[in-house]
Amino acid sequence: MTSFKKANINLKNELFSQKVLLFAPVCCHGSCPAPPPEGERGQRIKPTLKKKRGANVTKRRTTSCQLALRLLRLSLPAARHVRVPSAAVSIKMQGEDMEVPLLNNLNDNGDRLRSKGKDVFKDQQKESESSMESPNLEFEYGDTDTLTAELSELYSYTEEPEFALNRDYFEEDFRSHDRGRRWIDLSAEEQRAYVMRLLDDLEVTDRDKRLKVARAILYLAQGVFDECDAEADVLRWSRHNVFLLYDMGIFTALLELLSMEIDNNQACSSAVRKPAISLADSTELRVLLSIMYLMVETIRLQTEDDRPEWRAAREAFKTELGAPLYNGEPFSLLLFTMVTKFCSMNAPHFPMKKVLLLLWKTILFTLGGFEELQEMKVRGRERLNLPPLPEDSIKVVRAMRAASPPASAMELIEQQQQQKRGRRSRRSAFVDSLEGDSPFPKKQPLVKQDSLDTYNERDPFKNDDARDEEEDPEDVDSGIEGEVDPLDRDVIIQPPPPPPPLRPPTERVNFPKGLPWAPKVREKDIEHFLETSRNKFIGFTLGNDTETLVGLPRPIHESVKTLKQHKYISIAEVQMKREEELQQCPLSLGEEDVDETPAETMYLGMLPNLSQYVIALLKLLLAAAPTSKAKTDSINILADVLPEEMPITVLQSMKLGIDVNRHKEIIVKAISALLLLLLKHFKLNHIYQFEIVSQHLVFANCIPLILKFFNQNIMSYISAKNSICVLDFPHCAVHEMPELTAESLEAGDSNQFCWRNLFSCINLLRILNKLTKWKHSRTMMLVVFKSAPILKRALKVKQAMMQLYVLKLLKIQTKYLGRQWRKSNMKTMSAIYQKVRHRLNDDWAYGNDIDARPWDFQAEECALREGIEKFNSRRYDKNKNGDFAPVDNCLQSVLGQRVELPEDFHYSYEMWLEREVFSQPIEWEGLLQEQ
């Protein structure tokens, strides 16, 4: 018995290694049966434990080993399943398939592996402590990062030699006309004359000469960095040159060249046939897109020292980009076409990163950023005579402070071990001497924790009366449930320790004076409350009447008064009510006045191919996600980052690896910001425009895709250092290039976090919130996909805005997760109460039998789809009022109308007459009876 207990103790010491598994729990006598099976939904079936003290030793040993294996499954954050053959255990991880051979004889190998297991346990404990002590991130959310960072992300590190190539082509052309002078020394008129000559050279038929001129223009847009001494001078001259280029009409000429390159079937067909695509296949496109991106991003930003003509040019450029001036559609739709063409494998050489960045910045410029959205929302409420917003959401979020994340599993285990050591020190020597010979295993107190749920993706619909899977491993491993260890009885009867001294007044905890958000109540919530109250106290209802309170007790009157004080009517509710009226009374209400806003123009252009655009963006997001596996049939998003010659040294390989990771992060950043902007602007323009985009996203599996993105070590992703500061533009163009070493590449930058990765995570969480808000069927998708453990891991990031949207997603599914989950996650429940807006009669904190039923997904989505189609048909269909058009009942008038027949109709006139007139019997009596 002593050897069995020692083996179990060694086993428990290494069970909770989070990432590295050394050996599996195997009984020392080597005769354990197979592990307990798993249910269909991942629900683990618990072994039946006998509670009689007289159970035989073999039965107790078998149960102990089965429970130890079950605890091993709980301790693996990434393990999908564990299967136990006779000689080995193989574990299939999410990222890769890894086979770990495990020996069956623990006694023979325990001494050899014990020291190694302790070292691994210490390493994992250090990692956990470092993640637990993550400081607050000084991150300020905005539309974009700084101008320098946004410009540097346009270029990959593989493109760094092309900066000198642009400079050489410019100087070669410039010296042929102004020998011995510099660009910055020319007068304004001389600069305009030179740009005009470059514009003329862009129209030549020679492709190589056109490319040289385009590179010279790109050098001007980059700020003639060879003539500058500091990065600030480069940005200043870049701004000056960009406004000059726009004033001379360069953007329109570039747009024509871009259309030619998109329609270049020869380049597309050659790229399709190539086995490997590199930077050289997209040279012309990259140069054109880089110039256009620099122009859009530079003109978009408004500074205090802008000249009046620059401000006028900004407004003109904004109107030009948003108007359907390019082949009858906005410029952004041309970029959407490039995205769909790339994802359909018809143009694999398109530089997708530059296309997506330019598309994002174009929509940001034409539609407006988050602050403009807030102003538009305030103006929209004023126009509809709605009360003002209770607070500015942007200011409230910026003023919030991050909460401490839930304790990790390693922290709780360490705390448990400290409690054991402290309790053992209080025991008598007699108890310690009996500890080794006692036939009963020790029983530790139950530790309620909310963090093992992070690594325990259990079925949320499991019975609440089942034992919590987050209990202490030693408690579960004891062969008998419901027993109290005799040694623990001695501890229980010990006198309680003296109470700790009172804290001095200076250490008091200052609680916040109020909640950050004003509560809101919808009109339908008041109607539901009154309907329930009337049924209870009167016995009948009054429909949608919220004013009549006759027969209701006084507390109900005060409750209704409080609800009405916090009633919030959204613009979406007004729009939906107006749409219902227009559908019911199309003739009496007449035509709807639709404002030609940039969002309306954008939606009208995207509507015919909206599903293709959404699916293409999600394909790119999936290919760029760090949790995605490389598949042969997936799209290649690295066409504009891979060089022609692959690296041959370790240093070059490290540089290319950093470049590829950075490339994927930038793509995720652009797509997440783009989708969020479209959703917010369409929702403000009309709620049904937002709903159709949302439904396309849901049907294209956007919800599981975002959850897959967050199913990773999110702290590592946010603190990733996939950047080389000395290679970022404009630093690399102004300063001399130092010698790169492996140490300098590994060190990365000194920033506490990666701005673009944290920005992407917040955007994806906001998209997920918008897709699931007030949609019960989609909320059930979050529950079915077991999103609660994934989202709880994201709470480890100590950033207030990210935590807010994670808590919102947890709040909407809390009532479906069961009582046991809420009891085990009280710290998360408290954070939801403190940081998320309250709905006064929302039952999010407790389960309701009606709300907990599975929702009919198809019925809810089909009803929404029907409303969307009616809206699109009424508003955008050219033959919209065909059923209500006036009918001409005069026979002579109808016969007198001239009908245009096709030219070849007279050849087959007799056949048509025979088939349609003479051969068709006419039942005159039936016609008369119907009349």
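**Aromatic pairs, burial and salt bridges: the basis of each label**

User: How many aromatic pairs does a search of the whole structure find?

Analyst: The search finds 32 aromatic pairs. The model is predicted: local features need pLDDT of at least 70, side-chain atom pairs count only at pLDDT 80 or more, and totals for chains, interfaces and linings use all residues. Residues are numbered from 1 along each chain as its sequence is written, while side-chain values use heavy atoms, with hydrogens and water left out.

User: Why is the pair of F225 and F729 called edge-to-face?

Analyst: Rings of Phe, Tyr and Trp (its six-membered ring) pair if their centres lie within 6.5 Å; planes under 30 degrees apart count as stacked, over 60 as edge-to-face and the rest as tilted. For F225 and F729 the centres are 6.4 Å apart and the planes stand at 85°, so the pair is edge-to-face. The two residues are 504 residues apart: F225 is in the loop between α7 (207-221) and α8 (231-247), and F729 is in the loop between α29 (714-718) and α30 (731-734). Helices (H or I, at least four residues) and strands (E, at least two) are DSSP runs, numbered from the N terminus. F225 and F729 also belong to one aromatic cluster, together with Y155, F163, F170, F174, W183, Y194 and Y219.

User: What makes the peptide bond from F729 to P730 notable in its omega?

Analyst: Omega is near 5° there, and the bond is cis. P730 is placed in the loop between α29 and α30.

User: How do you know whether D173 is buried or exposed?

Analyst: Buried means under 20% relative accessible area, exposed over 50%, and partly exposed in between (1.4 Å probe, protein chains only). D173 has a relative accessible area of 19%, so it counts as buried. D173 is found in helix α5 (residues 161-175). Leaving out residues up to four places away in sequence, D173 touches Y194, R197 and L198, where contact means heavy atoms within 4.5 Å.

User: Why is N385 called exposed, and what is its relative accessible area?

Analyst: N385 has a relative accessible area of 69%, so it is exposed. N385 lies in the loop between α15 (370-383) and α16 (393-399). Its phi is near 60°, a positive value in a residue other than glycine.

User: What class does the relative accessible area give N701?

Analyst: At 48%, N701 falls between the two limits and is therefore partly exposed. N701 likewise has a positive phi, of about 65°, although it is not a glycine. Its place is in the loop between α27 (687-699) and α28 (702-710).

User: What makes R167 and D226 a salt bridge?

Analyst: A salt bridge is a side-chain nitrogen of Lys or Arg within 4 Å of a carboxyl oxygen of Asp or Glu. The closest N and O atoms of R167 and D226 are 3.8 Å apart, so the pair qualifies. R167 is in helix α5 and D226 in the loop between α7 and α8, 59 residues apart. R167 is partly exposed at 23%, and D226 is partly exposed at 40%.

User: How do you know that R874 and E579 form a salt bridge?

Analyst: Their closest N and O atoms are 2.8 Å apart, so the rule is met. R874 lies in helix α38 (residues 857-876) and E579 in helix α23 (residues 571-584), so the pair ties together parts that are 295 residues apart in sequence. R874 has 18% relative accessibility, so it counts as buried; E579, at 4%, is buried as well.

User: What makes E861 and R778 a salt bridge?

Analyst: At 2.9 Å between the closest N and O atoms, E861 and R778 satisfy the rule. E861 lies in helix α38 and R778 in helix α33 (residues 776-784), so parts 83 residues apart in sequence are tied together. Both residues are buried. By this rule the count for the structure comes to 40 salt bridges.

User: What makes R522 and W774 a case of a charge over a ring?

Analyst: The criterion is NZ of Lys or CZ of Arg within 6 Å of the ring centre and within 35 degrees of the ring normal. The charged end of R522 sits over the ring of W774, 3.6 Å from its centre. K683 lies over the face of F690, at 5.3 Å from the ring centre.
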